[in-house]
Amino acid sequence: MSSPSTVNPTAPTASGATRGWPLTELTPETLRTWVAEHEDLVVIDVRSAAEFESLHIHGSYNVPLPLLSEHADELAARLGSRVVLACQSGVRAEQARQKLAASGIGAAYVLTGGVPGYAAVGGDVVRGSGRWDLERQVRMAAGSLVLVGLAGGRFVSPKVRALAGVIGTGLTFSAATNTCAMGRALSAMPWNRAAQEPTRESAILSLPTASAGVGDAGVDQRADVA
């Protein structure tokens with residue numbers, strides 16, 4: 001992710017007025033101010049439904065990255081000019097920003113520090129049952145496989161060490177392309193599935209349209225059941 005840039009809180013807020021406005025990052029502190037001051041604000045959480053249930057920003061909408069990627073054009077058509085994308089650390093939110101930019105959203109902010117960062121500065125969040133976030137699971141899985149490869153290479157067969165090399169190559173490719181195949185695979189595991197997975201109808205079509213404003217954005221999409 002690029003280094004944080006300065007956010008201009010006085011950027012135009014009328015629908016479509018910021019098309020072409022420089023894309024930028026948003027600090028958690030600034031988002032707290034915006035939540036209180038701007039009714040046209042829409043916060044989209046692009047993490048998995050399970051992560052969203054564990055911890056999310058009050059009033060945010062859960063549109064997981066795969067769903068957003070599949071319906072980016074339709075989503076972009078519904079969004080107004082003040083959109084904030086959030087995830088665990090900012091990586092998936094940046095991917096979502098790129099998808100929306102390709103679909104015509106010229107002004108979208110990536111929340112630096114993700115949802116945990118917003119919670120850390122006293123932002124209004126909803127907490128559910130404890131569950132490891134996806135990025136932490138990826139680190140655990142990758143580290144465990146490397147250890148298995150090294151131990152297996154010493155006690156079983158030198159060929160097993162190749163596993164560590166494969167994981168290292170995968171992590172390097174993941175960093176270079178800003179993608180994560182392991183994360184996508186883990187997100188499909190049973191323990192990462194929520195009771196109700198978002199769909200096009202429940203996630204995208206539930207968003208307030210740009211013409212209608214986002215006065216309902218303060219009502220949590222999940223009714224704070226997480």
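**Exercise 1. Placing A77**

In which helix is A77 found? State whether A77 is buried or exposed, and how far A77 lies from T209.

Solution. The model is a predicted one. A77 belongs to helix α4, which covers residues 72-78. The relative accessibility of A77 is 64%, and the cut-off for exposed is over 50%, so A77 counts as exposed. In sequence, A77 and T209 are 132 residues apart. In space, their C-alpha atoms are 8.1 Å apart.

**Exercise 2. Confidence**

Find the average pLDDT of the chain and consider the stretches 1-22 and 212-226.

Solution. The average is 77, and 76% of the residues score at least 70. Residues 1-22 have a pLDDT below 50, and this stretch makes 52 contacts in the model beyond near neighbours in sequence. The pLDDT is also below 50 over residues 212-226, where the corresponding number of contacts is 42. Where pLDDT is low, predicted coordinates should not be read in detail.

**Exercise 3. Assembling the sheet**

Work out the strand order of the five-stranded sheet and name the edge strands.

Solution. The sheet is open, its pairing is parallel, and its order is β1-β6-β5-β2-β4. β1 (24-26) and β4 are the edge strands, as each pairs on one side only. At the β1 edge, three bridges connect β1 with β6 (residues 109-111) in parallel. Within this pair, L26 is opposite L111 of β6. Helix α1 (residues 28-37) packs on the sheet and touches β1, β2, β5 and β6. The direction of α1 makes about 80° with that of β1. Helix α5 (residues 91-102) also packs on the sheet, touching β5 and β6, and its direction makes about 140° with that of β5.

**Exercise 4. Strand β2 and its partners**

Describe where the side chains of β2 point, then identify the partners of β2 in β5 and β4.

Solution. In a regular strand the side chains alternate between the two faces of the sheet. In β2 (residues 42-45), V42 and I44 point one way, V43 and D45 point the other way, and all are buried. β2 runs parallel to β5 (residues 83-86), with four bridges joining them. V42 is opposite V83 in β5. β2 also pairs in the parallel sense with β4 (residues 61-62), over two bridges. Here the bridge partner of I44 is Y61.

**Exercise 5. Helix α5**

Check the span of α5 against expectation, list its buried residues and say what covers them.

Solution. α5 has 12 residues, which at 1.5 Å a residue should span 16 Å; the end C-alpha atoms are 17 Å apart, so the two values agree. R92, A93, E94, Q95, A96, R97 and L100 are buried. Their cover includes α2 (49-54), α3 (65-70), α4, β5, β6 and α7. After α5 comes G104, with a positive phi near 105°.

**Exercise 6. The two sides of helix α7**

Why do the buried residues of α7 lie on the same side of the helix?

Solution. Helix α7 (residues 134-155) has 22 residues and reaches 31 Å from first to last C-alpha, close to the expected 32 Å. The buried residues are L134, E135, Q137, V138, A142, G149, G152 and G153. They cover an arc of only 155° around the axis, so they fall on the same side of α7. The face turned away from that buried side carries the exposed residues R139, L147, R154 and F155.

Notes: Residues numbered from 1 in each chain as written. Heavy atoms only, no water. Buried < 20%, exposed > 50% of the residue type's maximum accessible area, 1.4 Å probe, protein only. Pairing = 2+ DSSP bridges. pLDDT = per-residue confidence, 0-100. Contact = heavy atoms within 4.5 Å. Axes fitted to C-alpha atoms, helices over the stretch in contact; angles between N-to-C directions. Expected span 1.5 Å × (residues − 1). Arc of directions from axis to C-beta.
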